[in-house]
Amino acid sequence: MADKTSDDSIITRSHNFTCGVVEGFYGRPWTTEQRKDLFQKLKKWGMDSYVYAPKDDYKHRAYWRELYTVEEAEHLTGLITAAKESGITFYYALSPGLDITYSSAKEVSAVKRKLDQVSQFGCSAFALLFDDIEPEMSGADKEVFQSFAHAQVSVSNEVFQHLNHPRFMVCPTEYCAARAVPNVSSSEYLTTLGSKLLPEIDIMWTGPKVVSRVLTLESIEEITETLRRPPVLWDNLHANDYDQKRVFLGPYSWRSPQLIAKLRGVMTNPNCEYGANFVGIHTLAQWSRCNVDGKRDLSLNDSVSADIKLETETEDGGTGEDIPSNLTPNMYHPRRALLNAINEWLPEFARHKQAWGPIVKPQPVIPVPIPVPILPSINTCMSLTTTTTTASSSSPITQTISSTALSTASLSFSSVTSSADLPTATAPCTAQLEALAEVCSNVPNATENIPVMPITGPVMNSLASESKIVALPPLSTPLPLPISVSLSSVPSGTIPLPLPLPLPGTNTCEPMDCNPTPNGSPAHLAKTAASSTEDIAMAENSSGNSVVTSGNGSSTAMQVDTSDGTDFQATSNNMVVEPAPDEGGDVDENSSNDLSQIPDKDAMTYEDLALLCDLFYLPFEHGSGGTQFLHEFNWLKTHAQVVCNSHPSNGNGCTSDISERAMKDSEAQEWYDRAAKLDDMTKTVNRLFQRLTNSPNRELLHEIYPYLWDFRGIISVLNSFVKWLGCGSFSHMIGNFTLGNYTWFSKGWKETFMSGEHEPWVFRGGLIADLQRLLPVDSATDLFVYKIPEVPSNKVYDVRPANLLTDQHHIRAICRSSYPSSCDPDVLPDLIADRYLGCLLEAEQLVCMVIEDEMEVVGYALVTLNAKQFYSRLKTEFLPSMQTKYPFPESSQNLSNVEQEMVRWFHTYDLEVPDQTLSSHPATINCAILPTVEDSSALKRLVVCMMAAIRANGCFGVHTTIKSNDQFSLELFGRLGFVDLNPGFSSTFAVLGRTC
């Protein structure tokens, strides 16, 4: 195990530049079918390499010692053969760093044996990955090796020589400048790798950060000098496994083609969703064939680059940059590359492909020091088997963030834990961004410990089927061989809940990534248990641990994710979410899934894809289409005062027509014109949403749908709020109530986001979160936690201001349908509506909104801003009138128990809401939605819009009174984040409330 010393000279191999894809993210791996499709695309686009390194494919990392079974070997051999047929070099990567003992001959033999097996399948290129692991040696290793780097070099050199000097890569533990201790040029670890690792071995590097915004020639020259060879760039520009709300569809950018001469190669580690990577990989291929940067040179320092970029942004949010007309073929320009990629991507949406279930990203819980300025990004929890919701803790002391690990490129908390990064991280100089500075700069140093807690859930096997992924048991119950499960067999206990951030001073491990050594993993099991059994190469599964097979002998697999962690349902072990249109099966005539004949007007267009890419652009910049939404809404919100001044209100906030006075006011006219523009932009997104949902390529649809569904939802809320502002029924002091903190327009925020000085997960949520933060609902971020539909649907719901003259009968009908009762509509037709809505509909300072689909109104929300006045009128006017209308029930009356209880309420109501509640939560609310509405986000979006309207009137809290035995209403408002404001206050009533 002696160290091998390399030649002292710097190795230059730029003439042998390699370019391709590394499948190196956390989460559900790609399928065999998708990988073969990738090889064909790489060949077509002139790329030459693929690295197999899916972090959660269980025999790659967690169970790296395990040899492949016959079935797995067949699939892996097929992949290697397919790559060769397409002229693609297939690198098989192994990640033993979680638990390997470097000084153990048995452990090193296990690495050799695994790679020997793969070489028998025809593989001739390999990689050892030591990323995202604890940088500490075991006691046994410390007795043998001088340092951690020496241990890794020894194993890498020995394995490389054992395999007879194949193409070989190593990913170091310090794989970016932010993780180099103390810095790149002075890092003993990197210096040791450069001097001791055999010169033929390539070393992977992610740049200044885990996700690097800009790569400069100077930074590459620096790492080249330290490593004594040009690095292979492991580029995470399009990686998205750290943020469940973001997918990156923008072009390969901020890397000058002049870097090609300085690099050994570039391997992009892209989005988890295979189909979403067309643009990223296609534009990288275009970049690799160029040698001149056709864009304005922004390869300066990060802060200067951000300033220059901001200068090109127009007032309405556009980039203000056109594609130069004098570009030659050898010049790379991102916008031209994007145009070319979109034109080739468009036909993919017309391909008839079936969907085998949502492809989801992992969702470990990552603690972040509070205060956390970026709040509304806690949407669907991405885990292996379910799509669940998570919310931040209500405790003022702790808060957790649901995110995930990025591979070597994936999540390494350099911005939080790297001591090298701390001196250079600069917080924004404005007081408004103190919280951001708290997160980004004033973080615990290396001696303070903040744990990163992994989710203990099933791992996956992508080598058991062409088009499916096999689920394995949680790592807490390690098994030597894979099994296949359906959702119905997965216990709910395997779906973890967010863990709280430990209190300061607690002794916990320092984070290196989001997936450290899993609890109960097979780490050192052979060493600790002195196991006498060894893996048998190409062994069939034993009967005791057999793969569950279907009738044709192929492995069955978990295929679909549910939306919560408790209700697992699957109709079969091979559940297909949606069949291809030409594969038969019954299709609802009214369903959007009947795609056999889609009219041209409903097919995706170039403009649709251009907008889609703009909405989900790149980690450090939003596309021009996305920024226009930010600018338009912010302008309308900040200039709403002109509408209030020129629009007389009818007193209940429900007017819908623009007054003549407003039309004559030039400032008001401009406001309404821009509101109409925002409405048109919203309709454009809706049209894109409809066309995507109708796409014959159901696999591609399932991968993109959750993101666009979420974006369409927030845009709809913004547009609805603007429509309400157009009524002019709000406080003249609106500017004081709706400014918001930490928004895209806060001084220093945009500049910091675009600078690249911080990892992108610091600004989690992307454009969707930036739009959410513009709504004046600072304390209602939990209402942005949605359950994404399991099967894509083009059903949309929109919120609008209500007009009580035309909408009141709809509201009353919904109220009657929403509250379960045994009331006879022929006997007392108005009883339910009078009980729950009567006084509220007649209240002053009323804010009323409804939500509707394309056919009818399906829900409502009513708020009176002055609850004290409301309760006074309730007792003095409304209840007496109801007592006359509904006399106290006598035993002889033919009324149900429910009806009698409602009537008695008019006669016995005596609740006195505490003054403290009326002071802190001065508004009172009632809301309902038809039981037939399956979209759980619909009511939340309605209430979010209502909360923004309440806030615009200077009201910061709302409450409702509910009878203690009204379980339906208690559960309804509980789901909307209302809590008991006065526990124990009354035995018959509960006063629930929440802040806006």
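Modeller: A crossing of two helices is right-handed if the near helix is turned clockwise from the far one by less than a right angle, and left-handed if anticlockwise. The model discussed here is predicted.

Colleague: What makes the crossing of α19 and α29 right-handed?

Modeller: Helix α19 (residues 698–725) and helix α29 (residues 937–952) pack at about 35°, and a right-handed crossing requires a clockwise turn of the near helix. The crossing of this pair is right-handed, so the near helix is turned clockwise from the far one. The two axes lie 10 Å apart.

Colleague: Which residues of α19 and α29 make the contact?

Modeller: From α19 the contact residues include W709, G713, V717 and W724; among those from α29 are R941, V944 and A948. By class, the contact has ten nonpolar, three polar and two charged residues.

Colleague: Why is D99 called buried?

Modeller: The relative accessible area of D99 is 4%, and buried means under 20%; D99 is therefore buried. D99 lies in the loop between β3 (89–94) and α3 (105–120).

Colleague: What makes the pair of D99 and R65 side chains a polar contact?

Modeller: The distance is 3.2 Å, and the cut-off for a pair of N or O atoms is 3.5 Å. The pair therefore falls within the cut-off.

Colleague: How do you know that strand β6 and strand β7 pair?

Modeller: Pairing needs at least two bridges, and two bridges join β6 (residues 202–205) to β7 (residues 232–235), so the strands pair. They run parallel, and M204 has V232 of β7 as its bridge partner.

Colleague: In what order do the eight strands close into a barrel?

Modeller: The order is β1-β2-β3-β4-β5-β6-β7-β8, with parallel pairing. Neighbouring strands are turned by 25° against each other on average, direction ignored.

Technical notes
Residues are numbered from 1 along each chain as its sequence is written. This is a predicted model: local features need pLDDT of at least 70, side-chain atom pairs count only at pLDDT 80 or more; totals for chains, interfaces and linings use all residues. Side-chain values use heavy atoms; hydrogens and water are left out. Helices (H or I, at least four residues) and strands (E, at least two) are DSSP runs, numbered from the N terminus. Axes are lines fitted to C-alpha atoms, for helices over the stretch in contact, and angles run from 0 to 180 degrees between N-to-C directions. Contact means heavy atoms within 4.5 Å. Ala, Val, Leu, Ile, Met, Phe, Trp, Tyr, Cys and Pro count as nonpolar, Asp, Glu, Lys and Arg as charged, and the others, Gly among them, as polar. Buried means under 20% relative accessible area, exposed over 50%, partly exposed in between (1.4 Å probe, protein chains only). A polar contact is a pair of N or O atoms within 3.5 Å; within protein, one must be able to donate a hydrogen and the other to accept it, and residues adjacent in sequence count only if both atoms are side-chain atoms.
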